[in-house]
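Please take a moment with the sequence and the model before reading on. The paragraphs below lead through some of the strands and their neighbours.

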Amino acid sequence: MEDSNKQNTSLITQQKGELLSKQSIVSRSVVKNLIRAAIEGMEKAYTPYSQFQVGAALLTKEQKIYTGCNIENAAYTPTNCAERTAFFKAISEGERNFAAIAVVGGKNGVLTDYTPPCGVCRQVMREFVDPRRFLVIVAKSEEDYLLYFLEELLPLGFGPEHL
Ligand SMILES: [Zn+2]
């Protein structure tokens, strides 16, 4: 019992530390730039079926930004999300070190609510980042956003180190 209590305490401390460190991973101005880039990415969305447009902007540790949009398909299942488009663009260019991703979305490109990444995209992110350090910025505007570590959005995720 004592041991599990200690574990719980350390977990809370760790979580507090993580919350504090979110601000140190990306500055407010970098967050704003990323959200702006995600909105620009969204404008390229190919969504003739749902009209739900999503944009993402992926930041490398070298401060390079890769944007992405959702790309729908008449057969539906080949549809690709904005987050995966951004990741696959970056990976295919040789990038492997990522700091954060911003995601925006809305019907006809109008940002009325937060658009969190789907489970598939969270798993794709998990492959390439440290879930305890990689930040997911879910935004409604440049001023209105939520910050999460990937680990918060995909607890106990299955990653390359498990194989
Ligand atoms: Zn997705």
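What follows describes two strands and the partners beside them.

This is a predicted model, in which local features need pLDDT of at least 70 and side-chain atom pairs count only at pLDDT 80 or more, while totals for chains, interfaces and linings use all residues. Residues are numbered from 1 along each chain as its sequence is written.

Strand β2 covers residues 65-69, and 5 of its 5 residues are buried (20 or more other C-beta atoms within 10 Å of a residue's own, with C-beta atoms placed from the backbone); strands here are DSSP runs of E with at least two residues, and helices runs of H or I with at least four, numbered from the N terminus. From β2, I65, T67 and C69 point one way, whereas Y66 and G68 point the other way. In a regular strand the side chains alternate between the two faces of the sheet. Strand β1 (residues 52-60) pairs with β2 in the antiparallel sense over 5 bridges, where pairing requires that DSSP finds at least two bridges, and L58 stands opposite Y66. These two strands form a hairpin with 4 residues between them, and Q63 in the turn has a positive phi of about 70 degrees.

Strand β4 (residues 135-139) also has 5 of its 5 residues buried. On one side, β4 pairs with strand β3 (residues 98-107) in the parallel sense over 4 bridges, and I101 stands opposite V136. Between β3 and β4 the chain passes through helix α4 (residues 119-128) in a right-handed β-α-β crossover, meaning that, with the strands pointing away from the viewer, the path from the first strand over the helix to the second runs clockwise. Strand β5 (residues 145-149) runs antiparallel to β4, joined to it by 5 bridges, and V138 stands opposite L146.

Technical notes
Buried ≥ 20, exposed ≤ 12 C-beta atoms within 10 Å, placed from the backbone.
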